[in-house]
Amino acid sequence: MSEGIDGEGAAQGPPRETGQGAGRYDADDERRFLADYDPNAFAPAAVTVDVVALTIRAGLPRVLLGRRARQPQRGRWALPGGFVRAQAGPAGPADPDLPDAALRVLTEKTPLPAEIHLEQLGTYGAIDRDPRMRVISVAYMVLAPDLPDPHSGRDTAEAAWVPWTALGHGEGAGTEHELAFDHARILGDAVERARSKLEYTALATAFLPPVFTITALRGVYEAVWGHTLHAANFHRKILATPGFVEDTGELAERGGTGGGRRARLYRAGGAALLHPPLLRGSQ
């Protein structure tokens, strides 16, 4: 429980002022309040971060999973995650903020490039989502190009980049990668977020290296959306979308598989939003 603007839920402290000084901040009064404050007066709750790391490897969209080596849910696969470090301890320093905690738990599983896309996905706090206690998770989504092989940690028996199509696009039950806790729901939300944002933002370039071909960009859309796109129509729409990509003036080192001419190389054009959008149903 948290105290709102009106202090609802407060269990300690003197009554609020009602005279002329009411509503004014008083540092000394706050120090006295905090000295007497007892956090144990409220039911305990823990905060964790869970990270949905998405990449494309060998033409398949993949998510990073680790098989849990400890209870609860030992033996099930889970997203990288962990408790937010509220203070420094044997495990390491305190997490300055929630994004720092998300990056920490992810780098424990795989090296990260200098440039990645990190965004908060949502907050999950169902009372029965974790059997240990009330655990509230702040989930993050990370997109990066062709991340390297992961490694297991002290809490995971093994780690792998698993095609999310093998998970029923986020529904983990009934597969060899049955997901722990509510991670199937979190993954499903992330997959839909990624698919939707590819329609109206330039987020697809986050899956690619700094320079790329239009064919590689189309491969991202096909992998994430799960269906084949018409190559010529896609090429035309990309170049007609202001600010999506910009021509580097260079050519790929090699031609196509059929020995054709070398493709032009592009980079992200700096546009945040796509106008007109690339709608899934119209491709």
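Buried residues, those under 20% relative accessible area with a 1.4 Å probe and protein chains only, make up 38% of the 283 residues in the protein chain. The model is predicted: local features need pLDDT of at least 70, side-chain atom pairs count only at pLDDT 80 or more, and totals for chains, interfaces and linings use all residues. Residues are numbered from 1 along each chain as its sequence is written, and side-chain values use heavy atoms, without hydrogens and water.

**Layout**
- The protein chain has five helices (H or I, at least four residues) and nine strands (E, at least two), taken as DSSP runs and numbered from the N terminus.
- From the N terminus, the elements run α-β-β-β-β-α-β-β-β-α-α-α-β-β.
- Of the contacts (heavy atoms within 4.5 Å) with a separation of 6 or more, 64% join residues 24 or more positions apart.

**Cores**
- The largest nonpolar core (buried Ala, Val, Leu, Ile, Met, Phe, Trp, Tyr and Cys residues joined through side-chain atoms within 4.5 Å) has 45 residues.
- V52, L54, V63, L217, Y221 and F244 touch the most other members.
- Elements giving two or more residues to this core include strand 1 (46-57), strand 2 (60-68) and helix 3 (183-200).
- Another core, of 14 residues, lies apart from it; L64, L106, V142 and A144 are among its members.
- Not counting residues up to four places away in sequence, V52 touches partners including V63, L79, L121 and I186.

**Confidence**
- The chain averages a pLDDT (the predictor's confidence in each residue, from 0 to 100) of 87.
- pLDDT stays under 50 over residues 1-8 and over residues 170-174.
- Where pLDDT is low, the predicted coordinates should not be read in detail.

Notes: Buried means under 20% relative accessible area, exposed over 50%, partly exposed in between (1.4 Å probe, protein chains only).
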